[in-house]
Amino acid sequence: MFAGRISRIAHLVSCLIGLIAMSATVSAQQVSSAAVAQAPASTRLILLGTGAGPVPRKDRSQPANLLVVGGRPYLIDAGNGVARQLAHAGFATADVRNVFITHHHIDHNADIGALMSFTWIEDNKRNRPDTPPVRFYGPPATAELVAAAQSFLGVSERIFRSGVPMRPSAQRFEGHDFSVDGVVYRDDQIVVTAAENTHYHHAPDSPSVGKDKSYSLRFDTPGRSIVFSGDTGPSEALERLAADADVLVCEVLDLEATMKEVEATMKLPPAMVPAVRRHMAEQHLTPEQVGQLAQKARVKMVVLTHFSPGVDGQTDVSHYVDGVRKHFKGPVIAGRDLLEL
Ligand SMILES: [Zn+2]
Ligand SMILES: [Zn+2]
């Protein structure tokens, strides 16, 4: 486990010489909750999960990212494994009081209930009734999912509280839906701006149309702007959102490798294969499309994440980086779980 300062210097050097940050796993700084509160004002980006979903894998956790601004952590997406990844990064789930969900595919929201459950336990351990509730911000149905997770937690809570007089979880968790582009959150440190992207192309008669939306999110912090693409196809709204950003944390997909993996592992009826290919081709980004996006938006750095297919045992991801570099001349980093930038 490297010290945080060393890891940050290592990444800076890596960026400057334009190398792919894949030769060594650089773990996030291990910090105690007390240290979090005392950290100086700065913006740390920690990749918690860099795999595409929805199938859990050994080598990459499901999508999640952490921004730590002035010592305060903000979570972006809550894919499966996020609570454990937070522990690896030196945070308790209860340190996180603001969570942002880009969209409600299961790989991005599966652990909302786990986060709430462990935070309820941790809040009771800390016994600080003045701690604010945990607020989840996301597309339509975020409040519905938080309410459902509260119901899920309720069974365990009933059992715990039968033996120990713990504080109830009621009013400790809030879900806030947003459905319009623009500023969706603001506090004394950050401004979060959302732009609906092109991840959902549903048939006009599907039950999702008019209900579900997928967003890219931009975080402007003191001295740093970081954009999370979420899942998306090519999107002019994302290009505008990412304009001149310091960092674009962007999904990436190898279409042919993904389809090969789909066909090898999913026993789909042959008629469904073209529909899956269309989803992959139109609603995600190839390395070349990431490069075009980054070049048009004039971002200063690209960090690749949400690797698809992201199979276990893949140590060489240079072709993803090479594809981006065909169009974007700035630094391109191949993300890994717990990489800090
Ligand atoms: Zn995804
Ligand atoms: Zn998705």
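## The β-α-β unit

In this predicted model, strand 5, helix 6 and strand 6 form a β-α-β unit of right-handed sense. Helix 6 spans residues 142-163 and packs on the sheet, where it touches strand 5 (134-138) and strand 6. The direction of helix 6 makes about 160 degrees with that of strand 6.

Strand 5 and strand 6 run parallel and are joined by five bridges. Within this pairing, Y137 has H176 of strand 6 as its bridge partner.

## Surroundings of strand 5

Strand 5 also pairs with strand 4 (residues 98-100); the two run parallel, with three bridges between them. Here N98 is bridged to R135 of strand 5. Four of the five residues of strand 5 are buried, so the strand is largely enclosed by the rest of the structure.

## The sheet as a whole

These strands belong to an open sheet of six strands, in the order 1-2-3-4-5-6, with mixed pairing. Strand 1 (43-49) and strand 6 (173-177) are the edge strands; each has a single partner strand, so one side of each has no neighbour in the sheet. From one strand to the next, the twist averages 20 degrees.

At the strand 1 edge, the pairing with strand 2 (residues 64-69) is antiparallel and covers six bridges. G49 has A64 in strand 2 as its bridge partner.

## The chain

The chain has 341 residues, of which 46% are buried. Its secondary structure comprises 11 helices and 13 strands. Among contacts with a separation of 6 or more, 71% are between residues 24 or more positions apart.

Conventions. Residues are numbered from 1 along each chain as its sequence is written. Chains are lettered from A and ligands numbered from 1 in the order in which they are written. This is a predicted model: local features need pLDDT of at least 70, side-chain atom pairs count only at pLDDT 80 or more; totals for chains, interfaces and linings use all residues. Two strands pair if DSSP finds at least two bridges between them. Axes are lines fitted to C-alpha atoms, for helices over the stretch in contact, and angles run from 0 to 180 degrees between N-to-C directions. Two residues are in contact if their C-beta atoms, placed from the backbone, lie within 7 Å. A residue is buried if 20 or more other C-beta atoms lie within 10 Å of its own, exposed if 12 or fewer, and partly exposed in between; C-beta atoms are placed from the backbone. A crossover is right-handed if, with the strands pointing away from the viewer, the path from the first strand over the helix to the second runs clockwise.
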